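The following note is offered to a colleague who is beginning to read protein structures. Please keep the display in view while working through the points.

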Amino acid sequence: AASGSFFGTDVFVVGADGSTPVRLTQGGRAGAPRWTADGRILFGQDSSAGPQLMTMNPDGSDVRPVFSKPVKISDPASAALTRDRKRVVYVGPVPVANEAVASIMTGESANDLFVSRAGDPRPKRLENKHPFKQRFALSPDGRRIVYEVKNGKSGKSELWVMSL
């Protein structure tokens, strides 16, 4: 992988028949692909500002950024577009005075969930009683989110649901 590269790979597509893989991205700077509800591919791509979210057609054409300018994303593999492609939910860093203290207090890194309208680089943090959230899934209609947090006392994972 190149110095400072988040991915060091590309996105390929291969037929269910095991046909020869076709490279959809170039340069070893993309990864974490997954399907959107409308049949496009959502993936992360390195940029000078860090990993950015992109979409493309299954043949690699029509590559577009999800945001109009770079947005800090902790894990592009943990991003999702709502079914209507109007909003994106992702895990992003939360500025804290001391990451080590935050990690000890919550058992998680200082990341939280963010939501933004597609194209809008001003995300809204999904703040509630849990200061840091990192694993999530959207409901099929894109109106709710289920997320996992560690219970600070028991150390066990809990699932919580909230509206977007």
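1. The central pairing. Strands S8 and S9 run antiparallel and are joined by seven bridges. One of the residue pairs in this stretch is Val 88 with Ser 116, the latter lying in S9. As general background, the strands of a sheet pair through backbone hydrogen bonds, in either a parallel or an antiparallel sense. The reader should bear in mind that this is a predicted model.

2. The sheet as a whole. S8 and S9 belong to an open sheet of four strands, whose order is S7-S8-S9-S10 and whose pairing is antiparallel. Which strands stand at the edges? They are S7 (80-81) and S10 (124-125); each has a single partner strand, so one side of each is left without a neighbour in the sheet.

3. The S7 edge. S7 is joined to S8 (residues 87-93) by two bridges, and these strands run antiparallel. Here Leu 81 stands opposite Val 88 of S8. Val 88 is therefore a useful residue to locate in the display, since its bridge partner in S9 is Ser 116, while Leu 81 faces it as well.

4. The S10 edge. Two bridges also connect S9 with S10, again in the antiparallel sense. Within this pairing, Val 115 is opposite Lys 124, a residue of S10. The two strands form a hairpin with six residues between them, and in the turn Gly 119 has a positive phi of about 95°.

5. Burial of S9. Is strand S9 buried or exposed? Six of the seven residues in S9 (residues 111-117) are buried, so the strand is largely enclosed by the rest of the structure. For the protein overall, 40% of the 164 residues count as buried.

6. A buried loop residue. Thr 36 is located in the loop between strand S3 (30-35) and strand S4 (41-45). Its relative accessible area is 9%; the cut-off for buried is under 20%, and Thr 36 is therefore buried. Setting aside residues up to four places away in sequence, Thr 36 touches Leu 42 and Leu 81. Leu 81 is the residue already met opposite Val 88.

7. Two backbone angles to inspect. Most residues other than glycine have a negative phi. Ala 32, however, has a positive phi of about 55°. Ala 32 is found in strand S3 and is partly exposed, with a relative accessible area of 22%. Arg 85 also has a positive phi, near 60°, although this residue is not glycine. Arg 85 lies in the loop between S7 and S8, and its relative accessible area of 26% makes it partly exposed.

8. The overall fold. The protein contains one helix and 13 strands. From the N terminus, the elements follow the order β-β-β-β-β-β-β-β-α-β-β-β-β-β. The radius of gyration is 17 Å, close to the 15 Å that the globule rule gives for 164 residues, so the protein is as compact as a globular protein of that length. Its C-alpha trace spans about 50 × 40 × 35 Å along the principal axes.

9. Contacts, surface and charge. Among contacts with a separation of 6 or more, 33% are between residues 24 or more positions apart. The protein exposes about 9,300 Å², of which carbon and sulfur atoms supply 53%. There are 23 positive and 16 negative charges, and the mean positions of these two sets are 5 Å apart.

Key: Residues are numbered from 1 along each chain as its sequence is written. This is a predicted model: local features need pLDDT of at least 70, side-chain atom pairs count only at pLDDT 80 or more; totals for chains, interfaces and linings use all residues. Side-chain values use heavy atoms; hydrogens and water are left out. The radius of gyration is taken over C-alpha atoms; the globule rule is 2.2 Å times the number of residues to the power 0.38. Buried means under 20% relative accessible area, exposed over 50%, partly exposed in between (1.4 Å probe, protein chains only). Contact means heavy atoms within 4.5 Å. Accessible areas come from the Shrake-Rupley method with a 1.4 Å probe; for residues, only the protein chains shown count as cover. Lys and Arg count as positive and Asp and Glu as negative; His and the chain ends are not counted. The place of a charge is taken as NZ of Lys, CZ of Arg, CG of Asp or CD of Glu. Two strands pair if DSSP finds at least two bridges between them.
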